[in-house]
Structures are given as C-alpha cells and as structure tokens.
Amino acid sequence: MNGVVRAREALAEALGALGATLRHHRDLGTAELALEGAYLLSPEEALSAQERALQGCRKCKLCEGRTTIVFGSGHPRAEFVVIGEGPGADEDAQGLPFVGRAGQLLTKMLEAPGVSFSRDEVFITNAVKCRPPGNRNPEAEELAACAPVLAAQLGALQPKVILALGSVATQSLLGTKEPIGRLRGRVHPYGSAVLIPTFHPAFLLRNPGQEYKRMAWDDLKLARREYDQRRTR
Ligand code: SF4
C-alpha cells in the first residue's frame with residue numbers, strides 16, 4: 001500500500017469518527033458545537049485531554065470539599081459504560097471511581113457469571129466528578145454544572161449500553177423524576193445508545209433483601225443481553 005492510499009484511508013477513518021461523534025451529540029439534543037481539533041482525536045487522546053482540562057475545575061461548589069477530581073476509569077474504547085452519582089470518601093482519596101465497599105459490590109456484580117465483565121473492559125464514571133460533602137446526593141445545579149463533562153466523555157466513548165446506578169444518575173440522565181423502582185427493568189433509548197437503570201450498589205448494601213438483589217441481577221442480565229446485541233467490537 002503506498003503512502004497516498006494510507007493517508008486517504010486515515011482521513012476517511014478520521015472523518016468517519018467525526019461523523020459518529022457529531023451524530024451522537026445531535027441525538028443527545030446538541031444544536032451547536034464549537035469545532036476544535038479535539039474532534040479528530042482518538043478516544044484515548046480525547047479522554048486524556050478532557051481529564052487534563054478538568055484539573056482545577058471550580059464550576060460548582062463541590063470543588064470546595066474535594067481532594068481529587070474523580071474523572072472515571074476503564075477502557076477508553078468501552079462500549080459498556082457504568083454511571084453512578086458521585087465519588088465517596090474512598091474515591092475522593094484515591095482519585096478512582098467505585099473503589100470503596102459499594103465499588104467492591106459493583107465489581108462483583110459486573111464479574112458475576114452470565115454478566116462476565118471485567119472492570120478493565122468497561123468504563124466507570126459518575127454524574128458529578130467531585131465528592132459531595134458527607135456523601136449527600138449531588139444537587140440539581142451541581143449535576144447541571146458537571147453534565148457537559150459527562151457528555152464529552154460519552155462523546156469520546158460512543159457507548160452502546162449505559163448502566164445507570166441509582167435514582168440520582170438515572171433521573172439526571174433521563175431528565176425525569178420517576179422513581180428508580182419504575183425506571184429499572186426497562187431499556188431506555190439514549191442517543192445512539194440504550195440506558196438501563198438499576199439500583200445503586202450502596203443502596204443494595206443498605207437493603208440486603210433478596211428481592212432487591214434479584215431485581216438488580218435481572219437488570220445486569222438485561223444490560224449484558226443488550227450489549228451482546230449492540231456491540232461492534
Ligand atoms: S463536580 Fe464537576 S463541575 Fe463541579 S467542580 Fe467538580 S468537576 Fe467541576
């Protein structure tokens with residue numbers, strides 16, 4: 001293959017990625033985008049650039065009590081993305097999402113037979129990237145301030161399936177006040193992906209009843225089935 005053909009193919013690939021990103025933003029309701037060179041970055045490069053740009057963010061009052069900004073972690077080309085509500089004390093200290101008790105339960109849920117995801121092959125993040133004081137729920141204006149960060153992450157990742165953990169993340173992503181008990185168990189369209197809500201692992205730790213565990217297990221299996229049908233990699 002000569003150099004001209006390779007360059008043409010690289011350009012075609014870059015334009016294909018640009019088209020997919022723009023369609024994703026359009027599906028999420030974005031009417032205008034300030035186009036910069038970042039749109040031609042690979043997912044790895046785009047996520048790294050976003051994380052660097054986020055350092056020192058003071059767009060909402062959660063910046064005042066945080067130790068670190070917990071951007072998210074996992075595979076930069078994951079088509080399965082997990083979104084919680086916000087970092088807790090362990091996450092704030094380590095700079096990584098879902099590393100405390102709830103995180104250990106999430107890891108077990110993802111790795112369970114029949115779901116069979118390792119943490120390395122999915123991407124895990126939160127609706128807000130800084131720890132709410134005392135582990136309170138993030139407030140509406142904090143979720144709104146951090147929403148563009150999550151939208152940019154999803155634009156780079158282009159997931160096929162989003163697993164939303166708990167009512168705060170689910171209601172914020174879907175723009176609804178419906179309780180998690182009614183939202184879970186269903187597949188919700190979300191741009192070019194689908195969103196599947198389930199209970200937050202912290203809630204499951206507080207409510208060890210078999211009924212909730214069974215419902216969460218059903219949601220995980222549903223998410224896995226959707227992923228197997230939609231994945232392209
Ligand atoms: S929660 Fe998000 S918007 Fe608020 S300070 Fe942290 S990174 Fe910035």
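Start with the whole protein chain: of its 233 residues, 39% count as buried. Keep in mind as you look around that this is a predicted model. Switch to a cartoon view, and you can trace nine helices and six strands along the protein chain. Contacts also link distant parts of the sequence: among those with a separation of 6 or more, 72% are between residues 24 or more positions apart.

**Stop one: strand β2**

Select residues 80-84, which form strand β2. Is this strand enclosed or open? Five of its five residues are buried, so β2 is largely enclosed by the rest of the structure. Now show the side chains. F80, V82 and G84 point one way, while V81 and I83 point the other way. This fits a general pattern: in a regular strand, side chains alternate between the two faces of the sheet.

**Stop two: the neighbours of β2**

Add residues 161-165, strand β4, which runs parallel to β2 and is joined to it by four bridges. To find one of these pairings, select V82 in β2 and look for its bridge partner in β4, L163. Next add residues 123-126, strand β3; it also pairs with β2 in the parallel sense, over four bridges. Here, pick G84 and you will see N126 of β3 standing opposite.

**Stop three: I83 and the core**

Which residues does I83 contact, leaving aside its neighbours within four places in sequence? Select T125, N126, A127, I162, A164, L165, A169 and L173 to see them. I83 also belongs to the largest nonpolar core, which has 50 residues; V81, I83, V122 and V161 touch the most other members. Helix α5 gives the most to this core, with eight residues. As a general rule, nonpolar side chains tend to be buried together in soluble globular proteins.

**Stop four: the ligand**

Stay with helix α5, residues 140-157, because your next selection is the ligand: α5 gives the most to the shell around the ligand, with four residues. Of the 15 residues around the ligand, the ones that come nearest are C57, K59, C60, C130 and C146. Colour the shell by residue type and you will find eleven nonpolar residues, four charged and no polar ones.

**Last stop: helix α2**

Finish at residues 43-54, helix α2, and try your viewer's distance tool on its end C-alpha atoms. They are 16 Å apart, which agrees with the 16 Å that twelve residues should span at 1.5 Å a residue. After α2 comes G56, whose phi is positive, near 80°.

How values were computed
Residues numbered from 1 in each chain as written. Predicted model: local features only at pLDDT ≥ 70, side-chain atom pairs only at ≥ 80, totals over all residues. Near = placed C-beta within 6 Å. Helix = DSSP H or I, 4+ residues; strand = E, 2+ residues; numbered from the N terminus. Nonpolar A, V, L, I, M, F, W, Y, C, P; charged D, E, K, R; others polar. Buried ≥ 20, exposed ≤ 12 C-beta atoms within 10 Å, placed from the backbone. Pairing = 2+ DSSP bridges. Contact = placed C-beta atoms within 7 Å. Core = buried A, V, L, I, M, F, W, Y, C linked by C-beta atoms within 7 Å. Expected span 1.5 Å × (residues − 1).
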